[in-house]
There are 2 protein chains.
Amino acid sequence: MRFTAKDNIDIAGHRTGYGSPAWRDTHPAPVHNALCVDQLLAAGARCVGKAVADELTYSLDGENQFFGTPRNARAPDRIPGGSSSGSAASVGNGLADFSIGTDSGGSVRVPASLCGIWGMRPSLHRISEAGVLPFMPGVSTVGILASEFGQLDAVARVLLRSPTKPVAPLRRFLVLTDGVEIADQAVQVQVYAALDAISRRTGIQAEPIRFAQLVGEDIPLSDCNLRALRDLQTAEFQSTLGNWVETARPGLGAALSMAYGNVRDFDRIGALDSLTRCEWLFDRINAALPEGTVICFPTTPCIAPLKGSLTTLDAVTAFYTPTMTLTAFSGVARLPEISVPLLTVQGCPVGLSFAAGHYQDEFLLAALPEILAPGRC
Amino acid sequence: MRFTAKDNIDIAGHRTGYGSPAWRDTHPAPVHNALCVDQLLAAGARCVGKAVADELTYSLDGENQFFGTPRNARAPDRIPGGSSSGSAASVGNGLADFSIGTDSGGSVRVPASLCGIWGMRPSLHRISEAGVLPFMPGVSTVGILASEFGQLDAVARVLLRSPTKPVAPLRRFLVLTDGVEIADQAVQVQVYAALDAISRRTGIQAEPIRFAQLVGEDIPLSDCNLRALRDLQTAEFQSTLGNWVETARPGLGAALSMAYGNVRDFDRIGALDSLTRCEWLFDRINAALPEGTVICFPTTPCIAPLKGSLTTLDAVTAFYTPTMTLTAFSGVARLPEISVPLLTVQGCPVGLSFAAGHYQDEFLLAALPEILAPGRC
């Protein structure tokens, strides 16, 4: 199988650019591949290229003013989503069978959803991050984008170094109704149509559950993002790339300059309660997802925005806030999540995500074919 | 409470040295504290200094030819152990109430054991590593050294951001007999004397268990280190500091030069099976440690070697091999482990370690006073 690697994953002898010319030009080429790259090469895969990333991987757009916007094969006038934009595009356009990217706030899942391919964010820290540039150590994962389930499954098992052991059978299949309600009306209709199709094909009926039921407290799903993960992300970004931006003073692109202002001004001390909130949410969500349980929700609330449309604060907010509410659920709970290219709205793809409890990656990989039935994978 | 921070943990405005003059002089001072430092400051602790680390933290000795050997207060003619050597010394000599260090192969637990203080390696990735220099992403943790249990407990709960929830009662207390047998004869005697004292005081009887029983396969305890964690550590070190050493070509101290030769020549592809082995061991060990179970073994197999004695390959091997066999158990299984200053041999301290399952940090902190009885903590 041919694969590409996102521009924050080391390939020996080639500078790792982090989506930033300033970073690329001030850091020497690594001598070693990232460990995950060597795992893939040793398993027989062939690396055919490095893939463009959003600048410093701090974006979900897929537009990079220095390196261009990778082509969304299924919707060429629309953004591919990011920050693993080139990874998704290389798979979507058939240049690679799969790609490895990274996902902190949705950077694998969002481009997978918007480009109509498979994307997996594994459990936090299940795949080695040695040779992957440090971003948000308590949030970032290596992830996989692929054109078919069989490829995703094979690659995941190599990278996860799965012990051969029996996994639990599927016992419970949930749909997170608040997650569906955040999505555009047309996406909601497609989600329920897909669940109906699953039920007709396999007899597996999705049981609706609200976020408040899941965690046992009357709080909205948006709390995963707004009062929890988002603050951890920003604080961690300050301590990794924030230090570099403040000391190296690189020229930043327009989009990152706007986003970075919030990082620079972020009150990390005032936000420490959010870190405690993350642990609480991790604990509650995982208590509700014992092995045998799969939960489903749309990966993104909408199809890909048009290229060049995310230029005003209103447009950015309208795309990011609901998207990150969805992606923060697995983020804060450190869940494995797989985005499946099941939905189509206005001729454009949207992913339907399936998640399981923390460290239940192998169970999730085994349960998916059962839920989707052979014809779909 | 006054605390110090190991020299690989960012303090804003001060260069982070990584125990290496070459690193310190080529990297600017960070603008932000490490996130864990800000958590402690916000909780009211006062940072009184940066603490010496072994060069690039790649050692368990505590001897640094550039910055000197921090004083082992309980055994001044002996090494303090490393790589959180200055952290242990600052606590042992009363300059700080606690210190934050890091632990990949024992760098918190070993100096705690050899200096006669408390030391905790939490579950892998439970404490944010933002602002902590990247070392071995799949192995490294932030850890705590303290002079008393009450301090350790308070600091751990701040850094772990523990959700308030009931923990399981202590149901099973195990002693890992292979772990005891690795230790020097005099240490073995002290371990069993300590367990007898516990049993007399509290009625809690340690149940002996062998490693093979624990994992359900007839393999030795040393497999945690030799065919598993050690290879993951070396491969990850190549992809973080190895790239820096190969491209920046810094002058390395004598001890690190010797150790680094093995890193440079390491065949990471040939060792990929060890990564799979790590996952298998993680899985098996944790299956045997459900919440409610504590397992105990000596932290180190011996008291601190004399200063300047680890200069030959034989001496290094005699110290490192059994020590890392003990530390690799929690390392590979990502367990929380607390070293308690309970043993004395030839007037010098040795720690007795207590570990619990992955992510059961709060259970372990609650179970320890019960096992040790009020008088001991």
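Two rings of Phe, Tyr or Trp count as an aromatic pair if their centres lie within 6.5 Å. In this predicted model, a search of the whole structure under that rule finds 26 aromatic pairs over all chains. One of them is formed by Phe282(A) and Tyr359(B), with 5.3 Å from centre to centre and 50 degrees between the planes. The pair is classed as tilted, because planes under 30 degrees apart count as stacked and those over 60 as edge-to-face. Phe282(A) belongs to helix α11 of chain A, while Tyr359(B) sits in the loop between β10 and α13 (361–376) of chain B, so this pair joins two chains.

Phe282(A) leads into the helix packing of chain A. Helix α11 (residues 272–287) of chain A packs against helix α12 (residues 313–333) of chain A at an angle of about 90 degrees, and the two axes are 8 Å apart. Angles of 65 to 115 degrees count as roughly perpendicular, so α11(A) is roughly perpendicular to α12(A). On the side of α11(A), the contact is made by Cys278(A), Leu281(A), Phe282(A), Ile285(A) and Asn286(A). Helix α12(A) contributes Phe329(A), Val332(A) and Ala333(A). By type, the residues of this contact comprise seven nonpolar, one polar and no charged.

Both helices fall in a span that carries an annotation. An unreviewed UniProt entry places the feature "domain: Amidase" at residues 6–365 of chain A. That span is 41% helix and 15% strand, and the C-alpha atoms at its ends lie 23 Å apart.

The other chain end of the aromatic pair leads to the sheet of chain B. Here 10 strands form an open sheet with mixed pairing, in the order β2-β1-β3-β5-β4-β9-β10-β8-β6-β7. Strands β2 (46–51) and β7 (207–209) of chain B stand at the edges; each has a single partner strand, so one side of each is left without a neighbour in the sheet. From one strand to the next, the twist averages 30 degrees.

Within the sheet, β4 (residues 118–121) and β5 (residues 141–146) of chain B pair in the antiparallel sense over three bridges. In this pairing Trp118(B) stands opposite Ala146(B) of β5(B). Helix α3 (residues 85–92) of chain B packs on the sheet and touches β1 (2–6), β2, β3 (98–103) and β5 of chain B. Its direction makes about 160 degrees with that of β3(B). Helix α12 (residues 313–333) of chain B also packs on the sheet. The strands touched by α12(B) are β4, β6 (172–176), β8 (293–298), β9 (337–345) and β10 (348–355) of chain B, and the helix direction makes about 155 degrees with that of β8(B).

Notes: Residues are numbered from 1 along each chain as its sequence is written. Chains are lettered from A and ligands numbered from 1 in the order in which they are written. This is a predicted model: local features need pLDDT of at least 70, side-chain atom pairs count only at pLDDT 80 or more; totals for chains, interfaces and linings use all residues. Side-chain values use heavy atoms; hydrogens and water are left out. Two strands pair if DSSP finds at least two bridges between them. Helices (H or I, at least four residues) and strands (E, at least two) are DSSP runs, numbered from the N terminus. Axes are lines fitted to C-alpha atoms, for helices over the stretch in contact, and angles run from 0 to 180 degrees between N-to-C directions. Contact means heavy atoms within 4.5 Å. UniProt positions are given in the numbering used here, feature names are shortened, and annotations may be inferred rather than shown by experiment. Angles under 35 degrees count as roughly parallel, over 145 as roughly antiparallel, 65 to 115 as roughly perpendicular and the rest as oblique. Ala, Val, Leu, Ile, Met, Phe, Trp, Tyr, Cys and Pro count as nonpolar, Asp, Glu, Lys and Arg as charged, and the others, Gly among them, as polar. Rings of Phe, Tyr and Trp (its six-membered ring) pair if their centres lie within 6.5 Å; planes under 30 degrees apart count as stacked, over 60 as edge-to-face and the rest as tilted.
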